[in-house]
Amino acid sequence: MEIGGRSHPAFLRGSLSVGPRRTTHVVAVGDRVRVSRERGRYAIEEVMPRRNVISRVDPGSTKRDIEHVMAANLDWFVVVVSLAQPALNYRGLDRFLVLGEISDIPCAILLNKDDVAEEYEPTPEEIYAPTGYPLIRTSAKSGTGLSEVRALLEDKVSLLAGPSGVGKSSLLNAIFPGLELPTQPVSDATGKGVHTTTRVEWVPIPGGGALLDSPGVRSIQPFGLTGENLDLCFPEMAQLHGNCQFNDCKHRDEPGCAVRAAVEVGKISESRYEGYCRILQGVDKPEWWRRSIGS
Ligand SMILES: Nc1nc2c(ncn2[C@@H]2O[C@H](COP(=O)(O)OP(=O)(O)OP(=O)(O)O)[C@@H](O)[C@H]2O)c(=O)[nH]1
Ligand SMILES: [Mg+2]
Ligand SMILES: [Zn+2]
């Protein structure tokens, strides 16, 4: 728990509750809390109302009704992917973006390791232009894009998410010297990250705001996501909402589908449409979210 930039240990009141929602933890990273002091120790008395939360379905919840709040009160949900090893996986990127969207948090994309970038056709810029997400090529090694990212994050509370080994911690270290977050090379054997960051860390930004460096989580089933609200989590599809012939169009084989028409003429990229269809297939199956790991 932090007061005026200094962190203090605090314990939770047993009576603390967050209302009717079923949740695994009462307090999450980013929460604002009311505390009291008791025999030299701080007690968390109350969790203040949240602006937003990033939540996953608790992996042990078979009925998908228990929420695991990963973080609260965010200004940015920043998805970091790599243009080299580990290889860029659009399906994984789209799943992370859906998590940010269902939480109503503005999303941004960082394409890291630009110094060793592979060539992509179409380019990620082309695929994601219709989404409107800020998209920045970066390199923690050569410094590309770092001042732009710094301007984006300053004075804001941002969660950095993305697969293990893409360079989330390295980027934060390069942008804000002095943080010294631990980093580790990607495994030669698998080409994947080795899960260096193990829990969500609250890192204050010198001069204001904070960063939440998260572990490279493999599978996240976003809490509250259904086949009915999935298209609203793709901004370029959401803006066509109501234009399809059928109100409950899932944009698969229905006649008069405005989304498919937009894909045909290139206003929505094929890659994003495929991402949507894949998630739609597995949206209510916890095992799909576990299997279809960010690889
Ligand atoms: N060439 C190159 N390597 C980078 C870049 N950024 C990070 N790396 C390397 O990628 C490896 C993984 O970086 P980390 O910062 O530990 O990755 P992470 O995303 O924090 O990984 P987890 O904590 O496991 O989720 C390290 O060996 C970094 O040196 C970059 O821009 N260019
Ligand atoms: Mg890390
Ligand atoms: Zn449709």
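This report describes the fold, surface and one strand hairpin of a predicted model.

## Overall architecture

The chain contains eight helices and 13 strands. Its radius of gyration is 20 Å, close to the 19 Å that the globule rule gives for 295 residues, so the chain is as compact as a globular protein of that length. The C-alpha trace spans about 70 × 50 × 35 Å along its principal axes.

Contacts across the sequence add to this picture. Of the contacts between residues at least 6 apart in sequence, 65% join residues at least 24 apart.

## Burial and surface

Buried residues make up 48% of the 295 residues of the chain. The area that the chain exposes is about 14,800 Å², and carbon and sulfur atoms supply 49% of this area.

The chain carries 34 positive and 37 negative charges. The mean position of the positive charges lies 8 Å from that of the negative charges.

## The hairpin of strands 12 and 13

Strand 12 covers residues 201-204 and strand 13 covers residues 210-213. These two strands pair in the antiparallel sense, with four bridges between them. One of the bridge partnerships joins proline 204 to alanine 210, the latter being in strand 13.

Five residues lie between the strands of this hairpin. Among them is glycine 207, which takes a positive phi near 95°. As a general point on such elements, side chains in a regular strand alternate between the two faces of the sheet.

Note on methods: Residues are numbered from 1 along each chain as its sequence is written. Chains are lettered from A and ligands numbered from 1 in the order in which they are written. This is a predicted model: local features need pLDDT of at least 70, side-chain atom pairs count only at pLDDT 80 or more; totals for chains, interfaces and linings use all residues. Side-chain values use heavy atoms; hydrogens and water are left out. The radius of gyration is taken over C-alpha atoms; the globule rule is 2.2 Å times the number of residues to the power 0.38. Buried means under 20% relative accessible area, exposed over 50%, partly exposed in between (1.4 Å probe, protein chains only). Contact means heavy atoms within 4.5 Å. Accessible areas come from the Shrake-Rupley method with a 1.4 Å probe; for residues, only the protein chains shown count as cover. Lys and Arg count as positive and Asp and Glu as negative; His and the chain ends are not counted. The place of a charge is taken as NZ of Lys, CZ of Arg, CG of Asp or CD of Glu. Two strands pair if DSSP finds at least two bridges between them.
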